[in-house]
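Biologist: Could you take me through one part of this model closely, choosing a pair of charged side chains and then setting that pair in its surroundings? I am new to this, so please go step by step.

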Amino acid sequence: MIFQDKAGYSFLRRPESGHVEVTTEELFFDLIYVFLVTQISHGLLHHLGEMGFLQTFVLWFAAWLGWQYTGWVTNWFDPRSASLRCVLFASMALALLCGAAAPEAFGARGLSFAICYTVMQAGRSAFVVCRLPRNHALLPNYKRILGWNLISAAFWIAGAFYPSDLRLVFWSTAVLCEYVSPMFGFWLPFLGRSHTSDWTFRAAISWSGVSFSSWWH
């Protein structure tokens with residue numbers, strides 16, 4: 001079955017389970033992101049001033065979007081499934097590389113940061129698009145998300161070839177593409193837009209025996 005791996009884990013997280021336990025993979029991903037944010041803050045220490053603040057803000061915004069989009073994926077798909085676990089560990093590796101490049105992202109390591117970040121964002125969405133069957137309700141949504149990830153990626157990669165002031169303009173546009181697009185349903189020509197009714201959201205956590213869970217449709 002397409003939704004179950006050899007270990008018996010379903011690719012989709014099931015709403016009838018009542019609550020979702022935070023997995024080791026998710027916690028490890030968060031830990032990697034602590035490193036990324038720390039590295040971004042180190043960049044600000046060496047570039048104090050208005051321009052340094054703006055550059056740091058754009059990088060922080062990008063890091064937050066990467067974490068958020070990953071959270072969306074693990075909201076619907078089980079991180080314990082072998083295929084998604086591989087995607088998460090690949091995302092962790094790319095986030096580590098982004099962290100290593102972050103202090104000089106507006107300098108010599110701009111292209112490295114841009115490539116690693118865009119592969120992480122677009123690659124995750126592409127994986128979901130390839131993994132879901134053609135008749136699944138979430139597939140059109142993730143096609144639209146992938147489309148906006150690729151539009152954003154074009155600005156990230158292009159900006160890496162320009163000086164820091166113009167790079168800031170390109171990368172700010174890239175961040176806005178991923179931040180603003182959900183506000184109008186990831187609308188794209190020929191693909192239309194997503195609606196609230198197309199999504200199922202789970203807010204749940206199980207920690208030290210205490211769990212909270214709810215669903216929105």
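Modeller: In this predicted model, the side chains of Arg85 and Glu25 meet in a salt bridge, with 2.9 Å from N to O. Arg85 lies in helix α3 and Glu25 in helix α1, so this pair ties together parts of the chain that are 60 residues apart in sequence. The two partners sit in unlike surroundings: Arg85 has 26% relative accessibility and therefore counts as partly exposed, while Glu25, at 11%, falls under the 20% cut-off and so counts as buried. As a general point, side chains of opposite charge can pair when their charged atoms come close.

The count of salt bridges comes to 2, and the other pair is worth setting beside this one. Asp78 forms a salt bridge with Arg80, where the closest N and O atoms are 2.8 Å apart. Here the acidic partner, Asp78, is buried, with a relative accessible area of 4%, whereas Arg80 is partly exposed, with a relative accessible area of 37%.

Now for the surroundings. The chain has 6 helices and 2 strands, and read along the sequence it follows the pattern α-α-α-α-α-α-β-β. The largest nonpolar core holds 52 residues, and those touching the most other members are Phe77, Phe113, Tyr117, Tyr142, Trp156 and Trp171. The elements that give two or more residues to this core are α1 (24-46), α2 (50-76), α3 (82-101), α4 (110-131), α5 (139-159) and α6 (164-180); the two helices of the first salt bridge, α1 and α3, are thus among them. In soluble globular proteins, nonpolar side chains tend to be buried together. Over the whole chain of 217 residues, 45% count as buried, and among contacts between residues at least 6 apart in sequence, 70% join residues at least 24 apart.

Finally, a word on how far to trust the picture. The chain averages a pLDDT of 82, and 80% of the residues score at least 70. Among the elements, α6 has the highest mean pLDDT, 96, and strand β2 (residues 210-216) the lowest, 35. Over residues 201-217 pLDDT stays under 50, although the model has 43 contacts beyond four places in sequence for that stretch. Where pLDDT is low, the predicted coordinates should not be read in detail.

Terms used: Residues numbered from 1 in each chain as written. Heavy atoms only, no water. Core = buried A, V, L, I, M, F, W, Y, C linked by side-chain atoms within 4.5 Å. Buried < 20%, exposed > 50% of the residue type's maximum accessible area, 1.4 Å probe, protein only. Helix = DSSP H or I, 4+ residues; strand = E, 2+ residues; numbered from the N terminus. pLDDT = per-residue confidence, 0-100. Contact = heavy atoms within 4.5 Å. Salt bridge = Lys/Arg side-chain N within 4 Å of Asp/Glu carboxyl O.
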